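These notebook entries record what I looked up in one structure. I kept each entry short and in order of topic.

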Amino acid sequence: MTNNRNESIDMGLRNFIKTLGCMTGGTALLATTPWLTSCTPEKLEEAARERRARIGVIGTGSRGQYHIHNLLKIQIAEIVALCDIYQPNLDAAAKLVPGARLYKDHRKLLEDKDIDGVIIATPLGTHAALTIDSLEAGKHTFCEKAMALTMDQCKAVYDKYRDSDRVLFYCMQRMYDEKYVKAFQMIRTGLIGDIVGMRCHWFRNADWRREVPSPELERLINWRLYRENSAGLMTELGSHQLEVCTLVADKMPTRVAGFGDIVYWKDGREVYDTVSLTYQFGDGRNIVYESLISNKFNGMEEQILGKAGTVDLSKGVYYLEEDDLVFGVRQLLTQVRDGVFAAVPTAGPSWRPELRDKYVPHAILKQASGAATGQNMIGEQNDGSDIILEAFCQSCITGERARNVVEECYSATILCLMGNQAMDEKRVVSLPEEYIIPYMKF
Amino acid sequence: MKDIVITRKTIRRELSILGGCFLFAVLFDLFAIIKFGRPFVELLTTIGYELAITLVVYLITVLVRALVWGIRALFVRGKGK
């Protein structure tokens, strides 16, 4: 096999973990992100000395090929098998990995004894069955998010994982993104004080459609638009952002209300193109979530609102309510400006609008890096999934599970599905007791 | 076309006004530092703000003086008639 290994995966996160481990209290800080303890630089070196992880890829469409490109750069990975039911995608992937064995039935791939780990990059509706099959076949498994299309399927996957000794990863790349990890720790250490709420949104302006060579392939290729295989914006986009919220809050919301509809793309699709929801924690705090795909003005943001400040995780910046770093003269000029231009003659100071532009952004990562500008999550070149993929390959060799990744994906997926149910039934939906797992805190 | 002659007296007057504006900016900065409990080193690190304030205040004095000069000129012309 002629894998291109000239360009190795960015070691930024691993160096960060190494630095973290060397810091005073670094062990305690790592304890707040326990999933990282399975992929330290030392363990990677050890794994690399042992052998390479033999990987099979199920689903070689655009996402599968994206993973293949990343795998080709990972020195401890070797792609040995590919599987897809759609021949053009299989052919395209085979060109990337000429020596790989090709399958059209995933069960045949799972019978292959020379495979350590399986990557599943198929439509959401197939995630549960393929993951369960893969774990039953004794393969370490890496699956695209979200976990499954229904809550019952989620529970079945979780139970199978719990009873298995295999490694299971979900592509929740924010858990392995340096600026997110750093921000989690800054929030835990009290940077923005008590968390009083969260606001997340993801706006795009595109129809989500792909070109279809013949009409009978519409539901196969444009699977995201149809409910038999997709739960729409919530699982495709919202799952990432809700996962961040539960990680930061370290607890689960207990109920959700919201509205969703097909507002603009009335092209026969079945999933909403506009969603707006409020999740509530047991203590009254809220996550306000919004997503639509017919306007991108607001972009993607994950704002954690604290009494003393705000962290915008996706942009990698934070703002303080009382900012010590703002020059005195600037504060005085702002006061003068507000006194001249923002005075409200009919009321006292409580009626004055508090303007956002008085906040000064501080970078979460001090070094000059795309991470500080949000590029490594939403940039076209790299969405951050390469690091988590490498961590999976390492686990395929060591057999060491990444703690909390499955549980976080389970929790986020359940929240997404609760949100969809609330929008479909136009009512407040509470977290069903039968889907509560021991990991969840309230 | 007539040559424009800027006398030494004019230059000295404008420099004095500019100096006064800069002094005002420094005192403004000093007041802000005391009011918000900031370190005094900000008098140096915010020199850009001070220069900007100096320029703005100087431009305001120019506008005010031009206005006064204009009104005075109107009165003088009225008396002349």
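The entries below cover the interface, two helix packings, a salt bridge and the backbone.

Entry 1. Status of the model.
I note at the outset that this is a predicted model.

Entry 2. The interface of chain A and chain B.
I began with a general point: the size of an interface is often given as the accessible area lost when the parts come together. For chain A and chain B, I found that about 1100 Å² is buried between them, with 73% of it on carbon and sulfur atoms. On the side of chain A, the residues that lose the most area to chain B are A:Phe327, A:Val329 and A:Leu332, and together they account for 51% of what that side buries. I then looked up the contacts: twelve residues of chain A touch twelve residues of chain B.

How many salt bridges are there between chain A and chain B? I found zero. The rule for polar contacts finds one residue pair across this interface. By class, the side of chain A that touches chain B has seven nonpolar, three polar and two charged residues.

Entry 3. A helix packing between the chains.
Two packed helices are described by the angle between their axes and the distance between the axes. I applied this to helix H12 of chain A (residues 328-341) and helix H1 of chain B (residues 8-35), which pack at an angle of about 95 degrees with axes 8 Å apart. An angle from 65 to 115 degrees counts as roughly perpendicular, so H12(A) is roughly perpendicular to H1(B).

I listed the residues that meet. H12(A) contributes A:Gly328, A:Val329, A:Leu332, A:Leu333, A:Gln335 and A:Val336, and H1(B) contributes B:Phe28, B:Asp29, B:Phe31, B:Ala32 and B:Lys35. This contact comprises seven nonpolar, two polar and two charged residues.

Entry 4. A helix packing within chain A.
I next examined H8(A) and helix H15 of chain A (residues 405-425), whose axes come within 10 Å and cross at roughly 170 degrees. An angle over 145 degrees counts as roughly antiparallel, and H8(A) and H15(A) are therefore roughly antiparallel to each other. Among the residues of H8(A) in this contact are A:Met151, A:Cys154 and A:Tyr158, and those of H15(A) include A:Val406, A:Tyr410 and A:Leu417. I recorded nine nonpolar, two polar and two charged residues in the contact.

Entry 5. A salt bridge.
Over all chains, the structure holds 29 salt bridges. I chose one of them: A:Asp159 pairs with A:Arg162, and their closest N and O atoms are 3.4 Å apart. Because these two residues are three residues apart in helix H8 of chain A (residues 151-163), about one helical turn separates them.

Entry 6. The backbone.
Most residues other than glycine have a negative phi, and most peptide bonds are trans. I looked up two exceptions. The peptide bond from A:Lys145 to A:Ala146 is cis, with omega near -5 degrees. A:Ala146 lies in the loop between strand E5 (140-143) and H8 of chain A. A:Asp250 is not a glycine, yet has a positive phi of about 60 degrees. I located A:Asp250 in the loop between helix H11 (233-249) and strand E8 (255-261) of chain A.

Definitions and conventions: Residues numbered from 1 in each chain as written. Chains lettered and ligands numbered in written order. Predicted model: local features only at pLDDT ≥ 70, side-chain atom pairs only at ≥ 80, totals over all residues. Heavy atoms only, no water. Axes fitted to C-alpha atoms, helices over the stretch in contact; angles between N-to-C directions. Helix = DSSP H or I, 4+ residues; strand = E, 2+ residues; numbered from the N terminus. Parallel < 35°, antiparallel > 145°, perpendicular 65-115°, else oblique. Contact = heavy atoms within 4.5 Å. Nonpolar A, V, L, I, M, F, W, Y, C, P; charged D, E, K, R; others polar. Buried area = accessible area lost by both parts, 1.4 Å probe. Salt bridge = Lys/Arg side-chain N within 4 Å of Asp/Glu carboxyl O. Polar contact = N/O pair within 3.5 Å; in protein donor to acceptor, adjacent residues only side chain to side chain.
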